[in-house]
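Reader: Hey, could you walk me through this structure? I'm new to this, so plain words please.

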Amino acid sequence: MPIEQKDKEVILTLPSDESTSVKVLLHGANILSWTIAGKEQLWLSEGAVLDGSKAVRGGVPLVFPVFGKASSGPTSTLPQHGFARLSTWEFLGQVSASPLTVQFGLGPENVSEAFRKAWDFDFTLIYTIALGADTLETAVRVENTSKVNWDFQILFHTYFRIPDVDKVELNGLTGVSVKDKVSKSDYSESNTTVTVTSETDRVYENVDNDVLVASAGKPLFHIYRKNVADVVVWNPWVNASKNMGDFRPEDGYKSMICVEAGSVSKRTTLSPGETWECSEKIKSLL
Ligand code: BG6
């Protein structure tokens, strides 16, 4: 069965290869797993909470309408990374057989009273997930169904599973402006290949090139983006991992890297009736 709808999750399986699949939790429309020929591509914490009581630690959480915590404006009353990853989405069904494609929807009716009160605007989000033989494509259509303008940030918070963080290499970021949240400084990326040797939390702004994730020279993932100009690179390393109750095992940071495509360096404003779309396509080279 290419699409299996369960109580709390939806599973897409390629008819041509039953060990190539994607599992999506309705809570957050969080992608939990992406396997190609049985090989897991994403990192999901062993301590991830999947019962809807908090955001999922791993897979692909969707960040909307705020990235991080806003210090002012209408999103400042929302929790870190917004409510999309904390709300239960509706499964809208299959929209294509090739590539195997499904959609999920989120509107004010799916969001808690508390979030509604905090961010009281009408909106529709349509989240499209397409599984290919070696690709995973995610796209979001944002519509302002309010009578007033509002603005947002959005991000695919992808946790990639990697063999060894000490060997990870990111290409495509040279010369890009960085906002570094660990060193609390701004600079231009001078490295041709970015490596990770300590806690890393950076926003690469307006990245023109595709980003390539490799391990000791071996390509792992090619990331193509449309309308998501920024790339966040995050690895909590030793101490921050320990401080997150749902990050397990504690040394799990060694086998993950978040490379997150988003539109976060600016806020996008939508007027009533206006729509906006973005997408990310990840090609696995494993
Ligand atoms: C990243 C942020 O996108 O997400 C980090 O840049 C943050 O600052 C990380 O720590 C994880 O966030 P959370 O809310 O899932 O713990």
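**Strands and core**

Author: Sure. This is a predicted model. Let's begin with strand 13, residues 168-171, where the side chains alternate: V168 and L170 point to one face and are buried, while E169 and N171 point to the other and are not.

Reader: OK, and which sense does strand 13 pair in with strand 18?

Author: Antiparallel, over four bridges; strand 18 covers residues 211-215. One of the residues there, A214, is the bridge partner of E169.

Reader: How many bridges join strand 13 to strand 16?

Author: Two, and these strands run antiparallel; strand 16 is residues 193-194. In strand 16, V194 stands opposite L170, one of the buried residues of strand 13.

Reader: Switching topic: what order do the strands of the open sheet come in?

Author: That sheet has five strands in the order 1-2-3-4-5, with antiparallel pairing. Strand 1 (3-5) and strand 5 (39-40) are the edge strands, each pairing on one side only.

Reader: And what joins strand 1 to strand 2?

Author: Three bridges, with the two strands running antiparallel; strand 2 spans residues 9-14. Q5 stands opposite V10 of strand 2.

Reader: Last thing: which residues touch the most other members of the largest nonpolar core?

Author: F160, V213, V231, I257 and V259, out of 77 residues in that core. In soluble globular proteins, nonpolar side chains tend to be buried together.

Reader: So what is F160 in contact with, leaving aside its neighbours within four places in sequence?

Author: L42, W43, V213, F221, M256, I257 and V259.

Conventions. Residues are numbered from 1 along each chain as its sequence is written. This is a predicted model: local features need pLDDT of at least 70, side-chain atom pairs count only at pLDDT 80 or more; totals for chains, interfaces and linings use all residues. A residue is buried if 20 or more other C-beta atoms lie within 10 Å of its own, exposed if 12 or fewer, and partly exposed in between; C-beta atoms are placed from the backbone. Two strands pair if DSSP finds at least two bridges between them. A nonpolar core is a set of buried Ala, Val, Leu, Ile, Met, Phe, Trp, Tyr and Cys residues joined through C-beta atoms within 7 Å. Two residues are in contact if their C-beta atoms, placed from the backbone, lie within 7 Å.
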